[in-house]
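Please walk through the structure shown below, with attention to its surface patches and to where single residues sit.

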Amino acid sequence: MTDGDLIKGIRSVVKEELEPIKDTLEGHGKKLDGITDQLVDVSEDVAKIKNKLESRTKRITTIEDHLGLPTPAE
């Protein structure tokens, strides 16, 4: 057996052993991509909710000021 044969044999074994790990990592990568997409959607929804809350808070404050109502303590 030559050094070249030994190296080819080692590479073959290493490749064979790493294949299941590669498959597992690809699966996890797909899951992470899905989670990332969901996080983007949730972040956009939270931003919309914050904007609506700020808008409504301003409207309530304007109405309270117009009616002369005291502002509640924070």
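**Along helix H1**

Leu25 has its place in helix H1. The model is a predicted one, and the helix in question covers residues 3-67. Leu25 is exposed, because its relative accessible area of 57% lies over the 50% cut-off for that class. This leucine belongs to a nonpolar patch on the surface, formed together with Met1, Leu6, Ile10, Val14, Leu18 and Ile21. Taken together, the residues of this patch have about 740 Å² of accessible area.

A patch of another kind involves acidic residues. Asp33, Asp37, Asp41, Glu44 and Asp45 form a negative patch on the surface. Asp41, one of its members, lies in helix H1. With a relative accessible area of 44%, Asp41 counts as partly exposed, because that class runs between 20% and 50%.

Positive charge also gathers on the surface, in a patch made of Lys48, Lys52, Arg56 and Arg59. Lys48 is placed in helix H1 and is exposed, with a relative accessible area of 54%. Membership of a patch requires over 30% relative accessible area and no salt bridge, so the 54% of Lys48 meets the area condition.

Two further residues give a sense of distance along the chain. Gln38 is found in helix H1 and is exposed, its relative accessible area being 53%. Between the C-alpha atoms of Gln38 and Lys8 there are 44 Å, the two residues being 30 apart along the chain. Val46 likewise has its place in helix H1. Val46 is partly exposed, with a relative accessible area of 37%. The C-alpha atom of Val46 is separated by 50 Å from that of Arg11, for a spacing of 35 residues along the chain.

What remains is a charged residue with a buried setting. Glu64 is found in helix H1. How far from Glu64 is the nearest side chain of opposite charge? That side chain belongs to Arg59, and the distance is 12 Å. A salt bridge needs a side-chain nitrogen of Lys or Arg within 4 Å of a carboxyl oxygen, and Glu64 has no salt bridge although it is buried. Arg59 appears here a second time, as it is also a member of the positive surface patch. Which residues does Glu64 contact, leaving aside its neighbours within four places in sequence? These are Leu69 and Pro72.

How values were computed: Residues numbered from 1 in each chain as written. Predicted model: local features only at pLDDT ≥ 70, side-chain atom pairs only at ≥ 80, totals over all residues. Heavy atoms only, no water. Patch = residues over 30% accessible without salt bridge, like charges linked within 9 Å, V, L, I, M, F, W, Y side chains within 5 Å. Areas by Shrake-Rupley, 256 points an atom, 1.4 Å probe, with all protein chains shown as cover. Lys, Arg positive; Asp, Glu negative; His and termini not counted. Charge placed at Lys NZ, Arg CZ, Asp CG, Glu CD. Helix = DSSP H or I, 4+ residues; strand = E, 2+ residues; numbered from the N terminus. Buried < 20%, exposed > 50% of the residue type's maximum accessible area, 1.4 Å probe, protein only. Contact = heavy atoms within 4.5 Å.
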